[in-house]
Amino acid sequence: MAVKYSRQRQYIYNFLMNRKDHPTADVVYQNVRQEHPNISLGTVYRNLTLLADRGEILRLQVGDGVDHFDADTSLHCHFVCSDCGGVSDLKLDCVDEMLNKAQDCFAGRIERQSTYFYGLCGKCLDKASKNRE
């Protein structure tokens, strides 16, 4: 089904394309409205949902109770910091191999994958080690 072009959707998509931190809908809203003050939170939520449903962005559920969004739809993993909650891309050469092995072990068809790694990011790890000193 064709979806009518929307400037607001384009603003949201452009914002996500320039981010690597996988923001929540509230962060998207707060930032997009700085340049486009007439955009509503509902518009942001509806357009993020539409973009994710159409496969144009990824909706990530990392265990903190809110959705995060990623404009990079290529096959990759994510790292979630268990201290600060930051989400970042984790490019691994073995992702294709992992997906192929999973398909070999499964009688159906795997259409997508989502892999999360959890731990401490570099900043939080440095902070933790400084607190121990």
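**Figure legends for the predicted model**

**View 1. Secondary structure of the chain.** The chain contains 5 helices and 5 strands. The model is a predicted one. Read from the N terminus, the order of elements is α-α-α-β-β-β-β-α-β-α. The C-alpha trace extends about 50 × 45 × 25 Å along its principal axes.

**View 2. Burial and contacts.** The chain has 133 residues, and 29% of them count as buried. For contacts between residues at least 6 apart in sequence, 47% link residues at least 24 apart.

**View 3. Accessible surface and charged side chains.** The accessible surface of the chain amounts to about 9100 Å². Carbon and sulfur atoms account for 50% of this surface. Positive side chains number 17 and negative side chains 18. The centre of the positive set and the centre of the negative set are 7 Å apart.

**View 4. Pairing of strands E1 and E2.** Strand E1 covers residues 58-61, and strand E2 covers residues 67-70. The two strands run antiparallel and are joined by 4 bridges. Within this pair, leucine 58 lies opposite aspartate 70 of E2.

**View 5. The turn between E1 and E2.** E1 and E2 make up a hairpin, with 5 residues between the two strands. Glycine 63 is located in the turn, where its phi is positive, at about 100 degrees. The strands on either side of this turn are E1, residues 58-61, and E2, residues 67-70.

Conventions:
Residues numbered from 1 in each chain as written. Predicted model: local features only at pLDDT ≥ 70, side-chain atom pairs only at ≥ 80, totals over all residues. Heavy atoms only, no water. Buried < 20%, exposed > 50% of the residue type's maximum accessible area, 1.4 Å probe, protein only. Contact = heavy atoms within 4.5 Å. Areas by Shrake-Rupley, 256 points an atom, 1.4 Å probe, with all protein chains shown as cover. Lys, Arg positive; Asp, Glu negative; His and termini not counted. Charge placed at Lys NZ, Arg CZ, Asp CG, Glu CD. Pairing = 2+ DSSP bridges.
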